[in-house]
Amino acid sequence: MTASFTPAELRNALALLSSPGLIRLITEIDDNGPIPPRRLAGTLPDLSAHHLRRTTHVARVHGLVRVAPGVGLALTEAGSELADFYDATARWARRHAYPTRVCDFTTRLQHSLSLLAPALLADRADGSPRPASEDTPSPEAETDLDHPRALLVQWLNANPQVTVLLDPEPVA
């Protein structure tokens, strides 16, 4: 499945994908289209200027967004596919009321990704299934999680650049 990635690379990718700023940026563009440069702060007002700069830098370097002349910040094909993965994972979480019945989109994704991380690392290590814990959803939900897991593996294999830890953002 993800045999070409080390555990450290998988942890890097999952940390990136569960970043609240990245989740917000990718889903905002997916839902509403490109964001003009001067509207970024107004579109994501809950993120500080530094956090916005860092998030857009990371998303651009990893090939998830691009600056489209005359349009603004737009999703690349990889970014659009990531948005599809986020949507499928959030649908799974809502269907199974994970982590709770009422929860915001970003938190649902972060908790769902935290369920996927041990499974991917276990798949990489020895092929054995992930042990159950108190955070593990029902057996039915666990089975249904196979779809988001497969989407994530497919996306990671197509986008190995997200496994690389970046240097800090260059000073402007």
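**Exercise 1. The second largest pocket**

Which residues lie nearest the centre of the second largest pocket, and how many residues line it? Work on the predicted model shown above, and describe the lining by element and by class.

*Solution.* Begin with the lining itself: 14 residues line the second largest pocket, and those nearest its centre are L16, R54, V58, H62 and L166. Next, assign the lining to elements, which shows that α1 (7–17) and α4 are the elements that give two or more residues to it. Of these contributions, the largest share is the four residues that come from α4. Then sort the lining by class, which gives eight nonpolar, five polar and one charged residues. Finally, add the volume of the second largest pocket, which is about 190 Å³.

**Exercise 2. The largest pocket**

Determine which elements each supply at least two residues of the lining of the largest pocket, and describe the make-up of that lining by class.

*Solution.* The volume of the largest pocket is about 290 Å³. Its lining is formed by 15 residues, and L40, L52, T56, R60 and L73 are the ones that lie nearest the centre. Going through the elements, one finds that at least two lining residues are supplied by each of α3 (40–43), α4 (49–61) and β2 (72–75). Helix α4 gives the largest share, six residues. A division by class then yields nine nonpolar, three polar and three charged residues in the lining of the largest pocket. Taking the two pockets in turn, α4 gives the largest share of the lining of the largest pocket, and α4 likewise gives the largest share of the lining of the second largest pocket.

**Exercise 3. The packing of α2 against α4**

Describe how helix α2 packs with α4, giving the angle and the distance between the axes, and then find where T55 stands in this contact.

*Solution.* Start from the geometry: α2, which spans residues 20–32, packs with α4 at an angle of about 70°, and the axes of the two helices are 9 Å apart. Because angles of 65 to 115 degrees count as roughly perpendicular, α2 is roughly perpendicular to α4. The residues that make the contact are G21, L22 and L25 on the side of α2, and H51, T55, T56 and A59 on the side of α4. By class, the residues of this contact comprise three nonpolar and four polar ones, with no charged residue.

Now turn to T55, which lies in helix α4. Once neighbours within four places in sequence are left aside, T55 is in contact with G21, L22 and L25. The relative accessibility of T55 is 7%, so this residue counts as buried. One residue of α4 links this exercise with the preceding one, since T56 takes part in the contact with α2, and T56 is also among the residues nearest the centre of the largest pocket.

**Exercise 4. G63 and T76**

Is G63 buried or partly exposed, and which residues does T76 contact beyond its neighbours within four places in sequence?

*Solution.* First locate the two residues: G63 lies in the loop between α4 and β1 (65–68), while T76 is found in the loop between β2 and α5. Then consider accessibility, where G63, at 27% relative accessibility, counts as partly exposed, whereas T76 is buried because its relative accessible area is 17%, the cut-off for buried being under 20%. For contacts, G63 touches T76, A78 and G79, not counting residues up to four places away in sequence. With the same kind of neighbours left aside, T76 is in contact with G63, L64, V65 and R66. As a last step, consider the distance from G63 to L75: these residues are twelve apart in sequence, and their C-alpha atoms are 8.7 Å apart in space.

**Exercise 5. The loop between α5 and α6**

Identify the residues joined by a cis peptide bond, and describe the backbone and accessibility of A97.

*Solution.* The cis peptide bond joins Y98 and P99, with omega about 0°. P99 is placed in the loop between α5 (77–95) and α6 (105–125), and A97 has its place in the loop between α5 and α6 as well. The phi of A97 is near 50°, which is a positive value in a residue other than glycine. With a relative accessibility of 25%, A97 counts as partly exposed.

Note on methods
Residues are numbered from 1 along each chain as its sequence is written. This is a predicted model: local features need pLDDT of at least 70, side-chain atom pairs count only at pLDDT 80 or more; totals for chains, interfaces and linings use all residues. Side-chain values use heavy atoms; hydrogens and water are left out. On a 1 Å grid over the protein atoms alone, a cavity is a set of points where a 1.4 Å probe fits but cannot get out, and a pocket is an open set with protein on both sides within 12 Å along at least five of seven lines; lining residues have an atom within 4 Å of a point. Grid points are joined across faces, edges and corners, and a volume is the space filled by probe spheres set on the points. Ala, Val, Leu, Ile, Met, Phe, Trp, Tyr, Cys and Pro count as nonpolar, Asp, Glu, Lys and Arg as charged, and the others, Gly among them, as polar. Buried means under 20% relative accessible area, exposed over 50%, partly exposed in between (1.4 Å probe, protein chains only). Contact means heavy atoms within 4.5 Å. Axes are lines fitted to C-alpha atoms, for helices over the stretch in contact, and angles run from 0 to 180 degrees between N-to-C directions. Angles under 35 degrees count as roughly parallel, over 145 as roughly antiparallel, 65 to 115 as roughly perpendicular and the rest as oblique.
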